[in-house]
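Work through these exercises with the model at hand. Try each task before reading its solution.

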Amino acid sequence: MARFAPAMRGELERLIGAEHVLGAPADSPYNADSARRRGLVGRADAVALPGSADEVAAVVRWCYANDVAIVPRGGGTGVLGGAVPSDGGVVLSLERLRGIRELEPTLWRIYPEAGVSTRDVQRLARENGLFFGPDPGAAEQSQIGGNVATNAGGPHAFKHGVTGAWVTGLEVVLAPGELVQIGGWGRKDVAGYDLKSLLIGSEGTLGVITAVRLRLLPAPEAELTLVVFLPDRASGCAAMLDVLAAGIEPAALDFLDAQTLALVRGAYPGDVPEGAGFVLLIELDGSRGEVERERAELVEALGGAPLAIEQPRDAAALWRWRDGFNGVVSGARGAKVSEDVAFPLERLREGLERFERIAVSHGLSSCGWGHGGDGNVHATVLVDPSDVAELDAADAVGAELFELVAELGGSIAAEHGVGLLKGGLLAAQWDARTVQLHEQIKRAFDPKGLLNPGKKLARTAARDATRQLPTRPAS
Ligand SMILES: Cc1cc2nc3c(=O)[nH]c(=O)nc-3n(C[C@H](O)[C@H](O)[C@H](O)COP(=O)(O)OP(=O)(O)OC[C@H]3O[C@@H](n4cnc5c(N)ncnc54)[C@H](O)[C@@H]3O)c2cc1C
């Protein structure tokens with residue numbers, strides 16, 4: 001496809017202006033997303049930066065008429081290569097769609113265009129006395145359109161739900177290039193099939209999101225963060241179940257295991273008690289009274305299990321420490337291979353134990369942390385990126401982990417999506433008939449298969465989906 005690139009660029013320039021169409025040389029940032037750290041880099045024929053929803057529709061229409069692949073791109077923070085042009089085509093970046101179409105504080109709602117950053121949505125909500133729950137870790141760079149396309153989560157998804165729970169309507173360009181509205185501001189709508197939910201989490205394979213109607217909530221009056229240190233995995237996982245059984249719903253219920261703690265404890269903004277082998281990071285929110293009542297109930301529910309329960313003086317510093325885990329853990333041996341999976345909460349302990357055993361059987365050190373209340377683990381092995389045998393072992397650990405997840409009734413993709421790198425894994429988790437429906441839905445929305453080809457594939461093996469692209473951790 002690359003040999004048509006100059007003609008392609010000329011056509012796109014006619015549609016959206018020459019200054020908004022870029023080439024994609026090998027070092028273009030539009031050839032990669034955060035899967036670059038796993039060595040994944042693609043190659044686009046051109047990059048289109050439309051400035052309005054109508055221009056997005058014009059680009060999609062042209063691509064569809066000319067059999068050119070379209071790779072929608074938000075902030076490029078996805079970790080599985082979802083925004084990587086794996087087989088040429090046009091990277092369609094939403095970065096210029098940054099308008100706020102509507103902000104109605106008294107009606108608790110906001111209507112940002114797809115390219116508005118997650119942080120700006122959170123900030124605008126807060127400035128108006130409101131609250132937007134989803135808090136994926138790369139909020140400065142990620143865009144609300146990308147968050148919807150991946151149905152992103154984060155620590156606060158435990159109480160407040162993943163991004164999709166906040167979406168009441170979408171403006172989206174569907175093949176072959178039509179701008180449509182799906183849903184609206186209504187709080188109830190059971191009229192048709194739930195197309196909005198099909199688009200949410202579709203990773204650019206069913207349509208291009210241009211604007212998102214979001215419901216907001218009044219900002220909680222109070223927030224209180226607690227750090228609970230426990231001796232080991234068994235007591236830590238039991239403590240999470242005890243919290244639930246006591247009817248307490250923290251805003252966030254994150255965890256880190258002993259191996260993660262060993263790596264990140266140096267930067268912990270406080271003292272780690274002797275013997276700590278599992279940590280819960282808990283945030284309560286609500287009215288002042290509710291938060292105080294929940295704190296008392298929580299302490300009672302945890303009983304004598306914790307070694308210590310601390311209330312950090314600076315909660316923001318604690319969450320910054322939490323946000324830094326990726327970098328610190330990667331630094332331990334030069335790189336890490338981290339898989340985002342979920343187990344049913346009552347199987348979390350077994351999932352963590354068996355994952356560790358799998359890693360050991362392949363001679364690798366592992367660690368795990370994540371959004372424990374959701375059973376969501378970032379299951380990680382530490383690798384030396386220059387050691388091919390270790391990288392092969394990490395692949396083998398991943399394959400066995402996904403089998404384990406399917407066996408325990410979990411998910412191979414909790415919040416990061418499937419992208420390129422998890423292509424084919426869904427078939428291990430779903431029945432054959434539902435996998436077939438997954439593929440039929442794709443064909444109904446995208447009969448030519450031009451919307452983000454090779455992504456979110458249910459059956460094709462990741463190795464085929466990534467073709468010759470390298471997929472090794474970068475040091
Ligand atoms: C440090 C770090 C921490 C992270 N923490 C979390 C976390 O806590 N929780 C979590 O869920 N994720 C997390 N992520 C992953 C990532 O930030 C999310 O998946 C995020 O939602 C991606 O948004 P983006 O705008 O960067 O999308 P991109 O990476 O650009 O794209 C992601 C996918 O969505 C598609 N897409 C993007 N925009 C559109 C659009 N407008 N219309 C249609 N399709 C589109 C792309 O084609 C691609 O398939 C983290 C990533 C990093 C690097």
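**Exercise 1. The ligand shell**

Which element gives the most to the shell around the ligand?

Solution. The model is a predicted one, and totals for linings use all residues.
- Step 1. Find the elements that give two or more residues to the shell: β3 (70-73), α4 (144-150) and β10.
- Step 2. Pick the top contributor. It is α4, with five residues.
- Step 3. Sort the shell by class. It has eleven nonpolar, 21 polar and four charged residues.
- Step 4. Look for the residues that come nearest. Of the 36 residues around the ligand, these are P72, G74, G75, T77 and G78.

**Exercise 2. Contacts with the ligand**

Find which atoms of G75, N147 and G204 lie by the ligand, and at what distances.

Solution.
- Step 1. Start with G75. One of its backbone N or O atoms is 2.8 Å from a ligand oxygen.
- Step 2. Go on to N147. Here an N or O atom of the side chain lies 2.9 Å from an oxygen atom of the ligand.
- Step 3. Turn to G204. A backbone N or O atom of G204 is 3.5 Å from a nitrogen atom of the ligand.
- Step 4. Now take the ligand as a whole. On its own it has 970 Å² of accessible area, and the protein covers 93% of that.

**Exercise 3. The five-stranded sheet**

Trace the order of the five strands in the open sheet, then name its edges.

Solution.
- Step 1. Read the order across the sheet: β5-β6-β10-β8-β9, with antiparallel pairing.
- Step 2. Mark the edge strands. They are β5 (100-104) and β9 (178-183), and each pairs on one side only.
- Step 3. Check the turn. Neighbouring strands are turned against each other by 10 degrees on average, direction ignored.
- Step 4. Zoom in on one pair. β5 and β6 (residues 109-112) are joined antiparallel over four bridges. I100 stands opposite P112 in β6.
- Step 5. Add the helix. α2 (residues 53-65) lies across β5, β8 (167-174), β9 and β10 (208-215). α2 runs at about 45 degrees to β8.

**Exercise 4. The seven-stranded sheet**

Which strands stand at the edges of the seven-stranded open sheet?

Solution.
- Step 1. List the order: β15-β12-β14-β13-β17-β18-β16, again with antiparallel pairing.
- Step 2. Take the two ends. β15 (308-310) and β16 (335-342) each have a single partner strand, so one side of each lacks a neighbour in the sheet.
- Step 3. Note the twist, which averages 15 degrees from one strand to the next.
- Step 4. Inspect a pair inside the order. β13 (residues 252-257) and β17 (residues 366-371) pair antiparallel over two bridges. F255 stands opposite G370 in β17.
- Step 5. Place the helix. α7 (residues 233-245) lies across β12 (222-230), β13 and β14 (278-286). The angle between α7 and β14 is about 20 degrees.

**Exercise 5. Unusual backbone**

Is the peptide bond that joins A175 and P176 cis or trans, and is the phi of E203 positive or negative?

Solution.
- Step 1. Recall the usual case. Most residues other than glycine have a negative phi, and most peptide bonds are trans.
- Step 2. Check the bond between A175 and P176. It is cis, with omega at about 5 degrees. P176 is in the loop between β8 and β9.
- Step 3. Check E203. Its phi is positive, about 55 degrees, although E203 is not a glycine. E203 sits in the loop between α6 (195-199) and β10.

Notes:
Residues numbered from 1 in each chain as written. Predicted model: local features only at pLDDT ≥ 70, side-chain atom pairs only at ≥ 80, totals over all residues. Heavy atoms only, no water. Pairing = 2+ DSSP bridges. Axes fitted to C-alpha atoms, helices over the stretch in contact; angles between N-to-C directions. Contact = heavy atoms within 4.5 Å. Near = heavy atom within 4 Å. Polar contact = N/O pair within 3.5 Å; in protein donor to acceptor, adjacent residues only side chain to side chain. Areas by Shrake-Rupley, 256 points an atom, 1.4 Å probe, with all protein chains shown as cover. Nonpolar A, V, L, I, M, F, W, Y, C, P; charged D, E, K, R; others polar.
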